[in-house]
Amino acid sequence: MASHRLGVPAPIISDRQFSKPLMCGPGPNDLYPAVAAAYAAPVISPACAEYYKVIEDIRAGIQYAFQTRSNLVLAVSGSGHAGMETVICNLLAPGELLLVPSRGLWDERAKDMARRYGIRVETIKTSEPFTTFSLEELESALERHRPAGLFITHGDSSTGTLQTLKGLGDLCHKYDTLLLVDIVASLGAEPVLMDEWGVDGAYASCQKALSGPAGVAPVAFSARADAYYASWQKALSGPAGVAPVAFSARAERSYSGCRRRVCVVPEGAEQAGRAFSARAEAKIFSRSHDVPFYFDITFLARQWKCYDDTFFYHHTLSSPLLFALRACLSQLAQESLPRAWARHAAVTAHFHARLRAHGFRFLVRRPEDRMNAITTVLPGMECNTFVAELRSKAWSTEVTKDRGEWKRKTCCADPHNAGGAGRRREKDSTGFILIIIHGYRHNIMITPGLGPTAGVAVRVGLMGANASAAVADRVADAMADVAGLRNATE
Ligand SMILES: Cc1ncc(COP(=O)(O)O)c(C=O)c1O
């Protein structure tokens, strides 16, 4: 063994005991059991044929989940923010204008990211806080600013609002604008119809209604890629009637070594209601600006075999995350989108009815602006205290034998002195047997508000594995208990 003097001693890293809470915040969420099992699958590499089968399944699953026929679908390594970064930097060039109708934290994040790429940003706000935009408001901003892109959050987990997207793609395309959408908190819980709504670039995350781990972000770019790419490929062999598009230097290198090539897109690709269907893809493959290596979709598309049977090493994908994402998408496909949407809608309606019956009020005033799956609630007390109590409020049950009869008494205990979850057997002062059971009454994790809702509301998520009436009842009753709206020892 080499003798080196170590200036830093080995730390003591050992497992601690903790009682896993029921994860009912706006994410991360509890995993579906099948996802947890898939996450523990053996590590594989691109050298295994199975690796490409997994990638193929994931791409098909994303096409179904996003409802897009685009071929430019894949998963970016990283959490939802990686998806945001990928969509923004691949679709907008420095100096171009991004319009961000802002109603919560994620729009602010998009603005921040865009500025770092030298993209100009304009913003509009909703007329009232915690509401959504009408198409008229969005159109007048499009008309005024004529941006290259419009970024909008579908389900905004910071406010609990859901933006209607139907018709927005057509509006954007009328003004020659690409539509970029965050579907992180809505995918799987709310209808998302990427092609029908004319979305040009969308990204999600695994840790919300898909009930998977964070760390891998499904992403899709509009294209109706089959038609577009077929025509693009055909164009390489030089058909007539074409509009020229130059490959960027980077895309060029990625396709054919260092040879300069000019690609042509047939005018036919613009026909049959597909006028803008290939916009995102066309822009990506013809852009002249560089994007960060890690998020360059022209490379990622090759790694993910989006068009051809390419083999390209870009970075090492995490196979446990790939297996987990595949399991999430398989779960969604088995349940089917309409059933998953209906389940989330029914559970949310039930949860809201229970909260109303307990006397809670909602932050989002208009029911039509509210998301399924994530609800912002006014707790009637200081938000952080409410959240902490729901997590840690402890109970202690004493079971005593009195004149031959067992008696049970439950009371609230100070969580710090409750001795943790467990049971103890003792004799009390009179010699009777006394069994004390300590536990957490609720142990439910919800989260305080974020961005515009910080200190104002708490955020509750009933998504994926936790979108059930039983969980809704448990959470509603626990919230009422903490808010003092129900007898604690009932
Ligand atoms: C709507 C929305 N967009 C983006 C994100 C960022 O995702 P992540 O935390 O996985 O990076 C979140 C996370 O909560 C979100 O709710």
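**Exercise 1. Determine whether Leu-97 is buried, exposed or partly exposed, and describe its surroundings.**

*Solution.* Leu-97 is partly exposed, with 17 other C-beta atoms within 10 Å. The classes are set as follows: a residue is buried if 20 or more other C-beta atoms lie within 10 Å of its own, exposed if 12 or fewer, and partly exposed in between, with C-beta atoms placed from the backbone. The model is predicted: local features need pLDDT of at least 70 and side-chain atom pairs count only at pLDDT 80 or more, while totals for chains, interfaces and linings use all residues. Residues are numbered from 1 along each chain as its sequence is written.

Next, locate the residue. Leu-97 belongs to strand β3; helices (H or I, at least four residues) and strands (E, at least two) are DSSP runs, numbered from the N terminus.

Then list its contacts, a contact being two C-beta atoms, placed from the backbone, that lie within 7 Å. Apart from neighbours within four places in sequence, Leu-97 touches Arg-120, Glu-122, His-145, Pro-147 and Ala-148. Finally, the C-alpha atoms of Leu-97 and Ala-114 are 9.2 Å apart in space, although 17 residues separate the two in sequence.

**Exercise 2. Explain why strand β5 is largely enclosed by the rest of the structure.**

*Solution.* Begin with the count: five of the five residues of β5 (residues 149-153) are buried, so the strand is largely enclosed. In a regular strand the side chains alternate between the two faces of the sheet. Accordingly, consider each side of β5: Gly-149, Phe-151 and Thr-153 are buried on one, and Leu-150 and Ile-152 on the other.

Now examine the partners, where two strands pair if DSSP finds at least two bridges between them. Strand β3 (residues 97-102) pairs with β5 in the parallel sense over two bridges, and Leu-99 stands opposite Leu-150. Strand β8 (residues 178-182) is also parallel to β5, over five bridges; there Val-181 is the bridge partner of Ile-152.

**Exercise 3. Identify which residues of helix α2 are buried, and state how they are arranged.**

*Solution.* First, the dimensions. Helix α2 (residues 49-66) has 18 residues and reaches 26 Å from its first C-alpha to its last, close to the 26 Å expected at 1.5 Å a residue, the expected span being 1.5 Å times one less than the number of residues.

Second, the burial. Ile-55, Ile-58, Arg-59, Gly-61, Ile-62, Ala-65 and Phe-66 are buried. Seen down the axis, these residues fall within an arc of 165°, so they line one face of the helix; the arc is that of the directions from the helix axis to the C-beta atoms. An α-helix has 3.6 residues a turn, so residues three or four places apart point the same way.

Third, the surroundings. The covering of the buried residues includes β2 (73-77), α7 (194-197), β9 (201-203), β10 (216-221) and α12 (319-335). The face turned away carries the exposed residues Ala-49 and Lys-53. Just after α2, Gln-67 takes a positive phi of about 55°.

**Exercise 4. State which strands stand at the edges of the open sheet formed by four strands.**

*Solution.* The strand order is β13-β14-β21-β20, with antiparallel pairing. β13 (361-362) and β20 (447-448) stand at the edges, each with a single partner strand, so one side of each is left without a neighbour in the sheet. β20 pairs with β21 (residues 458-461) over two bridges, and Val-458 is the bridge partner of Pro-448.
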